[in-house]
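The exercises below ask the reader to examine one protein chain step by step. Please attempt each task before reading its solution.

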Amino acid sequence: MKVSIVLSRHQLQITNSLAGLATLQGVLQQYFSKNSISDDAANDLMLVTEELVVNIINYGYKDQQEHSIDIVFEIEGKLAKRKLSIIVIDDAMPFNPLSHDMPEFGLPSADVEIGGLGIPLIRRLSDRQHYEYKEGRNIFSVSKTIAGN
């Protein structure tokens with residue numbers, strides 16, 4: 001039986017707005033710094049989180065109402081080998097980005113459609129991705145193995 005120890009956990013709730021995104025960015029930077037996350041891993045996970053949240057803000061809601069987006073950051077494992085997970089939970093329209101076809105790379109720029117590159121980016125910058133829709137909420141999690149300091 002594999003037991004994982006949670007070393008650090010933080011929860012944040014933002015609104016579906018650019019101001020909410022700015023709040024998230026600041027809190028994430030503090031969390032990464034406090035937990036000695038390397039610059040490379042921090043940059044990767046910041047980009048992944050921004051991509052997920054911006055897509056929720058821009059495309060997830062049919063109305064113009066304020067909605068809450070919950071984000072959980074969690075580090076588990078041992079100091080020598082830790083896993084950082086980021087879970088984004090929202091009440092936007094159900095959307096599983098992992099079920100969509102990957103775009104074709106290597107095409108001439110004139111043949112490339114705008115958009116659709118966020119999920120390949122998320123897959124490249126994280127080790128694991130998981131999506132589920134439960135009780136009216138999208139739950140998308142990503143994780144990345146991070147070395148200890």
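Three exercises with worked solutions follow.

The model is predicted, so local features need pLDDT of at least 70 and side-chain atom pairs count only at pLDDT 80 or more, while totals for chains, interfaces and linings use all residues. Residues are numbered from 1 along each chain as its sequence is written, and side-chain values use heavy atoms, with hydrogens and water left out.

**Exercise 1. The chain as a whole**

Determine how many helices and strands the protein chain has, and state their order from the N terminus on.

Solution. Helices (H or I, at least four residues) and strands (E, at least two) are DSSP runs, numbered from the N terminus. The protein chain has three helices and five strands. Their order is β-α-α-β-β-α-β-β. Next, consider burial: buried means under 20% relative accessible area, exposed over 50%, and partly exposed in between (1.4 Å probe, protein chains only). Of the 149 residues, 39% count as buried.

**Exercise 2. The faces of α1**

Identify which residues of α1 are buried and which are exposed on the other side.

Solution. Begin with the length: α1 has 17 residues and reaches 24 Å from its first C-alpha to its last. This is close to the 24 Å expected at 1.5 Å a residue, where the expected span is 1.5 Å times one less than the number of residues. The buried residues of α1 are G20, L21, L24, V27, L28, Y31 and F32. Seen down the helix axis, they fall within an arc of 135 degrees and so line one face of α1; the arc is that of the directions from the axis to the C-beta atoms. On the other side, L18, A19, Q29, Q30, S33 and K34 are exposed. Finally, the cover over the buried residues of α1 includes β1, α2, β2 and β3.

**Exercise 3. The largest nonpolar core and V48**

Find which element gives the largest share of the largest nonpolar core, and describe the surroundings of V48.

Solution. A nonpolar core is a set of buried Ala, Val, Leu, Ile, Met, Phe, Trp, Tyr and Cys residues joined through side-chain atoms within 4.5 Å. The largest one has 34 residues, of which L24, F32, I69 and F73 touch the most other members. Its largest share, nine residues, comes from α2. V48 lies in α2 (residues 39–59) and is buried, with a relative accessible area of 1%. Leaving aside neighbours within four places in sequence, V48 is in contact (heavy atoms within 4.5 Å) with I122, L125 and V142. The C-alpha atoms of V48 and S126, 78 residues apart along the chain, are separated by 7.8 Å.
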